[in-house]
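The following exercises concern strands, helices and the contact between two chains. Please study the sequence and the structure before attempting each task.

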Amino acid sequence: MIKLKLKINKKDYEVEILKENINQIKVKVDDKDFVFEKQKQKKEQISVAKSSIPKRDFSKKEIKTPITGEISEIFVKVGDFVKKNQKLIILSAMKMENEIISNSEGKVKKILVTKNQKVSGNDTLIILE
Amino acid sequence: MIKIKRLKKVSSTSALAKKEKGEPWTVIWAEEQSAGYGRKKDYWFSPKGGLYFSIILPKSNIDDLQTLTILAAFIMAKTIKENFSLECFIKLPNDLYVKQKKIAGILTENVLMGDVKFSVMGIGLNTNIDKFPKDLEKTATSLKIELNKKIDNEKIMKEIINGIKKQLKTISE
């Protein structure tokens, strides 16, 4: 068994070669298993590359409020997919109404506020994944 | 440059302005609104005769927008006083009263993504409204009711917009 640490595009990967014989190699990258068979080797290598791309996109994306105020409406729920520029929250602040829109697309992982809650500038309101 | 789009009936001038986006100082002016609103989506009575318009503001920082909302109330009070010698009471930051009855409201709405991406200031001024429904007649009034004369909506609107434009220049410099 061989253990390796690889750094690709500033991200660390833990690679473990678990099983090796003439026709098959089983490789573990972080917590995902990949099996390579000799005759399909080329094809399977491509699939490794593919499956590691979305992983990088699953980084934490936080929606913050730039100002202090009170949450007056929440338009999304956990599990919803949101698009960039989609309206997420209305925050009443300084007698103005402020629509907080999404800065990226993703799935709503966590909503950290509730209606009528007071928030301070730079507080995280929603986490996307 | 101020560009005024005059419309007959809309749901809400601010909703339309937010949807259309458009250049700063584009103004959506409607003769009546079917779904006029104030803060927290409070209904704004908007029959024909009243003055309803929304100004697309230039991208500004949020503190300047708050100051501008307050100044807009002063500009409106000043415009009313200069034209009709009528004193308004300003309920800070965004409502105007005459004899303890509401005569105008201002709602600034911002779209935020980190900083301010887009801002609209909606203004409702009860000008030529002869009568209010029962649920509002004790709390609302109009210039026509107070002065017993017809108001030139366009003239008053232009004075208010010009005043706001001048003020924003002063505060953001």
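Two strands pair if DSSP finds at least two bridges between them. Helices (H or I, at least four residues) and strands (E, at least two) are DSSP runs, numbered from the N terminus. The model is predicted: local features need pLDDT of at least 70 and side-chain atom pairs count only at pLDDT 80 or more, while totals for chains, interfaces and linings use all residues. Residues are numbered from 1 along each chain as its sequence is written, and chains are lettered from A and ligands numbered from 1 in the order in which they are written.

**Exercise 1. Describe the contact between chain A and chain B.**

Step 1. Two residues are in contact if their C-beta atoms, placed from the backbone, lie within 7 Å. The contact takes 13 residues from chain A and 17 residues from chain B.

Step 2. On the side of chain A that touches chain B, the largest share, 6 residues, comes from strand E9 (residues 96-101) of chain A.

Step 3. By class, this side of chain A has 6 nonpolar, 4 polar and 3 charged residues. Here Ala, Val, Leu, Ile, Met, Phe, Trp, Tyr, Cys and Pro count as nonpolar, Asp, Glu, Lys and Arg as charged, and the others, Gly among them, as polar.

Step 4. E9(A) is joined by 4 bridges to strand E6 (residues 101-113) of chain B, and the two run parallel. Within this pairing, Glu97(A) has Glu109(B) as its bridge partner.

**Exercise 2. Work out the sheet E1-E2-E3-E4 of chain A, and place Gln24(A) in its surroundings.**

Step 1. The 4 strands form an open sheet in the order E1-E2-E3-E4, with antiparallel pairing.

Step 2. Which strands stand at the edges? They are strand E1 (2-8) and strand E4 (32-37) of chain A; each has a single partner strand, so one side of each is left without a neighbour in the sheet.

Step 3. Strand E3 (residues 24-29) of chain A and E4(A) run antiparallel and are joined by 6 bridges. Val29(A) has Lys32(A) as its bridge partner in E4(A).

Step 4. Gln24(A) lies in strand E3 of chain A. Is Gln24(A) buried or exposed? A residue is buried if 20 or more other C-beta atoms lie within 10 Å of its own, exposed if 12 or fewer, and partly exposed in between. Gln24(A) has 12 other C-beta atoms within 10 Å and is therefore exposed.

Step 5. Not counting residues up to four places away in sequence, Gln24(A) touches Lys19(A), Val35(A), Phe36(A) and Glu37(A).

**Exercise 3. Follow the chain B path through E1, H1 and E2, and describe the helix.**

Step 1. Strand E1 (residues 3-10) and strand E2 (residues 26-33) of chain B run parallel and are joined by 7 bridges. Lys5(B) stands opposite Ile28(B) in E2(B).

Step 2. With helix H1 (residues 13-20) of chain B, these strands make a right-handed β-α-β unit. A crossover is right-handed if, with the strands pointing away from the viewer, the path from the first strand over the helix to the second runs clockwise.

Step 3. Which residues of H1(B) are buried? They are Thr13(B), Ser14(B), Ala17(B) and Lys18(B). These residues cover an arc of only 135° around the axis, which puts them on the same side of H1(B); the arc is that of the directions from the helix axis to the C-beta atoms.

Step 4. The buried residues of H1(B) pack against E1, E2, E3, E6 and strand E7 (115-125) of chain B.
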